[in-house]
Structure formats: C-alpha cells, structure tokens
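Subject: Structure for your review

Dear colleague,

Please find below the sequence and structure that I am handing over to you. A description of what was found follows.

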Amino acid sequence: MNYLSIKELTKSYGEKILFENISLGLHKGEKTALIANNGTGKSTLLKIIAGKEDADGGEVVLRNGIKLGYLPQQPLFDESLTINELITGSHSEVLAVIKAYGQALDYQAVNHNKEAQQRVEKATENMDLWQAWDYERRLKQVLTKFSITRLDQKVSTLSGGQKKRLALALVLLDEPEILLLDEPTNHLDIDMIEWLEKYLQQSNITLFMVTHDRYFLDRVCNHIVEMTDGTIYNHQGNYSYFLQKKAEREEVQSVEIDKAKKLMKKELDWMRRQPKARTHKSKSRIDAFYDIKKKASSGKREEELLLDSVNRRMGGKILEVKGLAKHYGDIAIINNFEYTFKKGERIGIIGKNGTGKSTFLNLLAGTETPDTGTVVMGDTIVQGYYKQDGLPHIRDDQKVIDVVKEIAEVIETSKGNSMTASQFLQYFMFPPEMQHALVANLSGGEKRRLYLLTVLIKNPNFLILDEPTNDLDLLTLFKLEEFLMNFKGCLLLVSHDRYFLDKLSDHLFIFKGGGEVKDFYGPYKAYRQQLLEEEKVRKELKQAEKREQSAGVPEKKPVKTKLSYKEQKEFEQLEKEIEILEQQKTGLENKLNSGISDFEKLQKLSKEIKIIIESIDEKTMRWMELEELHDRFS
C-alpha cells in the first residue's frame, strides 16, 4: 500500500500550465527524486503535497497516522524569535510529552497508588509514540552537525545558508515517515552533504525530493521520476540507471519519429494530388495522415544551452597574490596567502561554511580590501565574477531581454560571427516568448541562469564562480559544464557539488579554517579517497592502542624490545610512500627532459620536482630512524 498517493494533480498560474493530471505513488522506504527542467513546477508540486499550496485539480492522499516533513527551498521563519524559541515552538508537542513523563514520575515517587501507576504507563506510551526517549541526544547531535551552536541568536541575524541548515535540522528532528526535500544540498558544505547522504542511505524513511546534486541522486535514490512535457516516466533505479534508460527511450523515439516524418512526406504528396471531392476511402487515409503528422511532430526538440566564447588573449602575467591576509576581529579568514595563477588553471575551492571561501573570492575580485598583502592582475585579464549571494544588477521590473541589452546589443562568437541579444538568450533556453517577460515572473533557477548569462556575455578570461550550481536544473548544468570544459581561461570555482568539482577542477584550495589554506593537486574524488585512507589508518591505530591498554599497562614501562604497532605501520607505510614519490619524481624528470620549450611549464615542473624531493628527504630520514630501531630489535 502507498504511504502517499498523488492523483491527477493539475496546477496553472494564469495561462501557464505547470503540470496536468500528474499521478504517482510513494511506497514505504522508497527514496524518490523528481527530475524536471526549471519552470515546470517541481517546487510547486512539493508545496501541494506538503499542504502549503492548493492544486487546481486532483488530490493528495496520505495514509492515516503517517507523519510528513517538508523542507522548502527557501525556509521562512518568524524573524523575531531566537533559535531556542523556534525549536521550542516547533517541537512543543514532544517537549510537552517529555515534561508530562517527568511529572508522572514525580507524582509516582510520593503517591504509591493505582492512579500514579496509570499516569506513568500513559506517559510511557506517549514517549514511545513521539520517540521522545533520546530527544535531547538527537537535538544536540543534529544541531552540532549543522553547526548551530548559539541558541540565543535571533533568526533575523542568520544568513540564507544558516536558515536552510536550521530548517533541515528541525525537519530531521521530527523523524517523519515521509520526507519532502526541495534542493536539500543548497548552502550545505561538502561534509554536511556527505553526512546527510549517509543518514538518508541508512534510514528507512520514505523520501521524495528535488535536487540537482548527481552524486547525491546516485547514492541515495532508488526511484527516479522524470517529468517531461507533462508526461511522467518512472525509473526503478538510481541516477545512473535513469540516464541509461532515458537515452534508450529517446533513441527509440527518435527512430519512430524519423519513420513518421518520411511517411508523412509521402502522405502529404498523396493528399496534394487528390481532387477536392473525396471518397469515404480517401477520408480514412486523410485521418491516418493527421495521426502520422501528430507522431512526426511529437519529437519536440529540447532547447539547448549553446555557449561559446571568444578566446581572449592572455599575457604572461595572470594574477599574483602576495602576503594576503584578512581578519574579522579575532577570526582569521586568510593568513599570508601567496599564489601565482597560470594560464588555463582550473582550481576548485572547498571547505566548511564560514572558513572564508567567499571572502577569498571577494578579495581576488577587489570587492573587499585585505588587511595586508596585494592582488595584482595582469593587463590583459578580464574578470568575470558570478556571486552566490543574490542578483546584484538584475531588477525585477526589467524585461529579460533588456537585462542583456544593457550589457551588449550584439555578441561576438569565437568564429568571428555575431549574434543579437535575442539569439544569445535563445541559446540560454530563453525562447522569444520569455524574453519580454519581467524578471519578477521567472523562477529562481531561471533568474540564476539569466545572471550567469550576464557574467559570461562579457567574455572573461579569468572566471570566478561562487556556488554556480544552486537552483540550476540538470539540463542547464550539463550545458554549463560543456562550456566550462572548453573554456580556455583561468577558472576558479567554489562549489559543494562534488560531481561538478570532479569534472571541472584538477587542483584544490582546501580552506581548513583559522586562515589556513591547503593545496591539493588532484580532483575532489582523489582528495576524498585520501581522507578515507587516513581515517582508516587512524582507526586502526586507535584500536591497536586500545588492545594494548586492555592487555594491561604496568606502572613501570619496560625496556623497549620491538617497534610499537603504530611505528611498524608507519615504517611499512613510509616504504610505500617513498616508492610512489620516487616514481612521481622520475615521471616529472622525464617530462622536464623531453624538450619542452615553454618557460612557464618548465618552471612549474621544476617547482613540483623540488617539492617532491623535499618530501622524499623528510620521509627517508624518518624511515632511517625506524629502520635503525627495527634492526636493533631484530
């Protein structure tokens, strides 16, 4: 039996039909994602299911006794409350149950009678019903995980990201049987996303969500609902399975449509040759013609986001950062950061919320002033900066086409051709009928796409993107990635979207907090694997230490006769690490001696070899110390 059934839901805004006669069911424990383009009513559908908005037709049937939780894309709270007051108000029922249980125990302590026993039994039943036994532990765990520590803080002082985290914490605390999530990964850092991913994987909760995070989709969901042109397609599998089946379906449809078009051409020739007076027999063929025409026209070609850019010339000097530092009071954001950007670099920036990633981008872009240090830009560099915190130069009372025309009436492409602002908008999936609409009438994702267009239309060769994937649908993401893969300039990218990072960056700046920024040469996937291996070693060492302690440690430490477990593991690991570093050094030396004439490449290779040699020397010294101990005890 379905936990929740959606029957023939229909919703329109004025003349725009969002969806019509949508029907589907959610089963117990099923984790479902809804995939559709922006502007098709995904968020509206979730609101209707949650009871926050009315449908024009149809019904939502929720199984009796099932608790439903809903996380909106933009949470709304009473701004005058503190976080603690908000939690108390949101969970007044469970807190009342806990209070009643305590009162029942107090009453029983002084009244040893049947009434006292009945009150305790009733209170115990309610504690079971509301799952209130470990409420305080869960409250502390969830709030800590989402970095909510100051419960006396006013909601009005929270950022958009903090409000999203608070809303998510509150909905998880309720432990609903059905959970509706609208873009749950927006404004979360990667650590929080991976925690939420694991939580949802392990829970038996019934999930219905809208998200563009493809790793999240692939690892959490076992049912994908695709909504295309008002038609629902169900895919019982994860995101990878959905992509496979969608490709197969579209290939079959393409073949059928091609056949129908060829047949339609023949039928059209036949119809044109017929006399005006038609027999009953010819009328049936005419009816068949219109059926074929409908089939041939059914292959509505999806609007594509076709992005192209002029290869703007870049000189030898790109961007030099020297001694950069920024503090807010006692909080260090950046400490003595130095880096020289090179042509074609693609750098991803990761770190927990509040570690200074956006501030760092503002410093590079010149929109904030450092406490000390300099940012020197090359003469040929043109920056493009996409900010995550709003749409600074786009007004709601503007028409879409006017937003673009304010920047450029005509746009040059890389092949020396030009296109009008209207044509460029069409490439960004803004058809002519949308171009004269007011910005106020666009969805959140459509506004983001328009804002992105205004950054790229300036043809930058140093592109800074701060969380560009928020509120974009999957089709837009595919095309944005395609553009960025072919982008010849420097790319600096802050994103919590791990798939996006892996595809577009080959070097990471990791913001550790306290002003510390760590370099990692490789994609996020490799960095994550390194963290997992380090965590595994730490756990093994900790377990070994516990085993040693449980065996009993004498008060007087005996004379050492062998390497400790930790030292033995370190000794073995160092051998492997040194061997890998030697291989890397040899590979780089071969490149260096291969006849490369590019001075910057030679300089980069020399620098990398120097770093590796220093690391080999350091690890070799430690290995020699351990080897000496090993030989002594053998």
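Two strands are said to pair if DSSP finds at least two bridges between them. The model is predicted, and in it five bridges join strand β10, residues 319-328, to β13. These two strands run antiparallel. One position to look for is leucine 319, which stands opposite methionine 377 of β13.

The sheet around β10

Strands β10 and β13 belong to an open sheet of three strands, whose order is β11-β10-β13 and whose pairing is antiparallel. At the edges are β11 (331-341) and β13 (372-377), each of which pairs on one side only. On average, neighbouring strands of this sheet are turned by 20° against each other, with direction ignored. Helix α11, made of residues 357-365, lies across β10, β11 and β13. Relative to β10, helix α11 runs at about 130°.

Strand β3 and its partners

Strands of a sheet pair through backbone hydrogen bonds, and the pairing may be parallel or antiparallel. Strand β3 (residues 31-35) offers examples of the parallel kind. Three bridges connect β3 with strand β7, residues 206-210, and threonine 32 has phenylalanine 208 of β7 as its bridge partner. Four bridges connect β3 with strand β8, residues 223-228; here isoleucine 35 stands opposite glutamate 226.

Is strand β3 mostly covered or mostly uncovered? Strand β3 is mostly covered, as five of its five residues are buried. Lys31, Ala33 and Ile35 point one way from the strand, whereas Thr32 and Leu34 point the other way. Residues on both sides are buried.

The nonpolar cores

In soluble globular proteins, nonpolar side chains tend to be buried together. In this model, the largest nonpolar core has 94 residues. Among those with the most contacts inside this core are Phe146, Leu168, Leu200 and Leu484. Helix α6, residues 160-173, gives the most to the core, contributing eight residues.

What does leucine 200 contact when its neighbours within four places in sequence are left aside? The contacts of leucine 200 are Lys31, Leu179, Leu181, Ile205, Leu207, Phe216 and Val220. Lys31 is also one of the buried residues of β3.

Apart from the largest core lies another core, of 25 residues. Its members include Leu319, Phe462, Cys490 and Val494. Leu319 is the residue that stands opposite methionine 377 in β13.

Yours sincerely,
A colleague

Key:
Residues are numbered from 1 along each chain as its sequence is written. This is a predicted model: local features need pLDDT of at least 70, side-chain atom pairs count only at pLDDT 80 or more; totals for chains, interfaces and linings use all residues. Side-chain values use heavy atoms; hydrogens and water are left out. Axes are lines fitted to C-alpha atoms, for helices over the stretch in contact, and angles run from 0 to 180 degrees between N-to-C directions. Contact means heavy atoms within 4.5 Å. A nonpolar core is a set of buried Ala, Val, Leu, Ile, Met, Phe, Trp, Tyr and Cys residues joined through side-chain atoms within 4.5 Å. Buried means under 20% relative accessible area, exposed over 50%, partly exposed in between (1.4 Å probe, protein chains only).
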